[in-house]
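Let's take a walk through this structure together. Keep the sequence and the 3D view at hand as we go.

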Amino acid sequence: MNVSATLRMPADGVIVPLSGYDVVLKDGPHPIYLERTAEIEANWLAEHAANPALFNGRMLMHSNVHIDSMGRMASEAHLSPYSTMLWWRKQPDRPKAEHLFSMAIPITRDGALLAVEMSAHTANPGRIYCAAGSLDQHDLVDGRADLDSNMVREVREETGLYLGEAVKVSGYFGVRVNRATVVFRFFQLPYDVDECSSRILRHMEDDAEQEIAGPVFIRDSQIDVQKYPTFMPPIIEMIYGGDAGLAKIWKQD
């Protein structure tokens, strides 16, 4: 299990335990948007022409992502157009800005990791990861981002499942890959795979957004058979890798 206990920003792909998070909203859009507006807007026109379902709402773009002296994942965030992210993630050096988001890791009562496949009309078509989304103004409380409420909201919007019915079985962890950082924690669902699947499929029948193509249940550490984003393999290895795999501990008879 590739987990570091140090209180510094880890190497890419190394999971660190966290005592919490502290994401502080700063005034105005992110400096990278102000500096590269023309490029960002030109890229948005091309992206939106190719996929008219994309929406250029405001989301949090980050700077100074670090682990503070209290062991929290901390950052300075700016509400900026989503087009900023779409342009930034294409850049080889991902200049100046960083991405930070939160993600619940739901484990079924029979030990499977619940992920989802993103629909073709989303910004991440075909990608497989746990239900999650960028932080936005709905996640702000008194000038700080509430990552826990974001986890609850994203899981409910995409799957119809309510994390209030799950048990939190860990504190917070963080993993960073290519200037993108995810803060995550584990939840034990009260449902097995069959019940989860049926609930999600019923939700999809009435979901106007249709963000997901369907649920994906992961049961082992094989990472070369699915279209995972780069932050998922370290988490999957943490759950299923070797004798220390967490799923063995959480599986309920």
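## A guided tour: helices, spaces and loops

What covers the buried residues of α2? The answer includes α1 (31–35) and α3 (82–88). Before going further, please keep in mind that this is a predicted model.

Let's stay with α2 for a moment. This helix runs over residues 37–50, and its 14 residues should span 20 Å at 1.5 Å a residue; the end C-alpha atoms are indeed 20 Å apart, which agrees. Its buried residues are Ile40, Asn43, Trp44 and Glu47. They cover an arc of only 110° around the axis, which puts them on the same side of α2. If you turn the helix round, the face pointing away from that buried side carries Ala38, Leu45 and Ala49, which are exposed.

Helix α5 (residues 193–206) can be read in a similar manner. From its first C-alpha to its last, this helix of 14 residues reaches 21 Å, close to the 20 Å expected at 1.5 Å a residue. Which residues of α5 are buried? They are Val193, Cys196, Ser197, Ile200 and Met204. Looking down the axis of α5, you will find these buried residues within an arc of 95°, so they line one face of the helix. That set packs against β6, α4 and β14 (212–218), while Asp194, Glu205 and Asp206 are exposed on the other side of α5. Do look at the start of the helix too: Asp192 caps the N-terminal end of α5, with a side-chain oxygen 3.3 Å from the backbone nitrogen of Asp194.

Since α5 packs against α4, α4 is a natural next stop, and Met151 is a good residue to pick out in that helix. Is Met151 buried or exposed? Its relative accessible area is 1%, and under 20% counts as buried, so Met151 is buried. Leaving aside neighbours within four places in sequence, Met151 is in contact with Ser102, Met103, Ala104, Leu163, Val183, Phe184, Arg185 and Phe187. One of these partners, Leu163, is 12 residues away along the chain, and its C-alpha atom is separated from that of Met151 by 8.2 Å.

Helix α4 (147–159) also takes part in the lining of the largest pocket. The volume of this pocket is about 1400 Å³. How many residues line the largest pocket? There are 42, and those nearest its centre are Tyr82, Ala123, Asn124, Gly133 and Ser134. Two or more lining residues come from each of β3 (58–67), α3, β5, β8 (132–133), α4 and β13 (180–188). With four residues, α4 gives the most to this lining.

Next come the enclosed spaces. A search of the whole structure finds one cavity of 30 Å³ or more, and about 30 Å³ of space lies in the largest cavity. Its lining is made of Pro106, Leu114, Ala115, Val116, Ala131, Val155 and Thr159. Both β6 and α4 supply at least two of the lining residues, and β6 gives the most, with three.

From β6 (113–118) you can step into the loop that leads to β7 (128–129), where Ser119 has its place. The relative accessible area of Ser119 is 7%, so this residue is buried. A polar atom of the Ser119 side chain lies 3.0 Å from the backbone oxygen of Ile212. Apart from neighbours within four places in sequence, Ser119 is in contact with Pro125, Gly126, Gln210, Glu211, Ile212 and Ala213.

Finally, here are two loop residues whose backbone angles deserve a look. Lys96 lies in the loop between α3 and β5 (99–107), and has a positive phi of about 65° although it is not a glycine. With a relative accessible area of 45%, Lys96 is partly exposed. Asp142, in the loop between β9 (140–141) and β10 (144–145), is not a glycine either, yet has a positive phi of about 50°. The relative accessibility of Asp142 is 78%, and over 50% counts as exposed, so Asp142 is exposed.

Note on methods:
Residues are numbered from 1 along each chain as its sequence is written. This is a predicted model: local features need pLDDT of at least 70, side-chain atom pairs count only at pLDDT 80 or more; totals for chains, interfaces and linings use all residues. Side-chain values use heavy atoms; hydrogens and water are left out. The expected span of a helix is 1.5 Å times one less than its number of residues. Buried means under 20% relative accessible area, exposed over 50%, partly exposed in between (1.4 Å probe, protein chains only). The arc is that of the directions from the helix axis to the C-beta atoms. Contact means heavy atoms within 4.5 Å. A polar contact is a pair of N or O atoms within 3.5 Å; within protein, one must be able to donate a hydrogen and the other to accept it, and residues adjacent in sequence count only if both atoms are side-chain atoms. On a 1 Å grid over the protein atoms alone, a cavity is a set of points where a 1.4 Å probe fits but cannot get out, and a pocket is an open set with protein on both sides within 12 Å along at least five of seven lines; lining residues have an atom within 4 Å of a point. Grid points are joined across faces, edges and corners, and a volume is the space filled by probe spheres set on the points.
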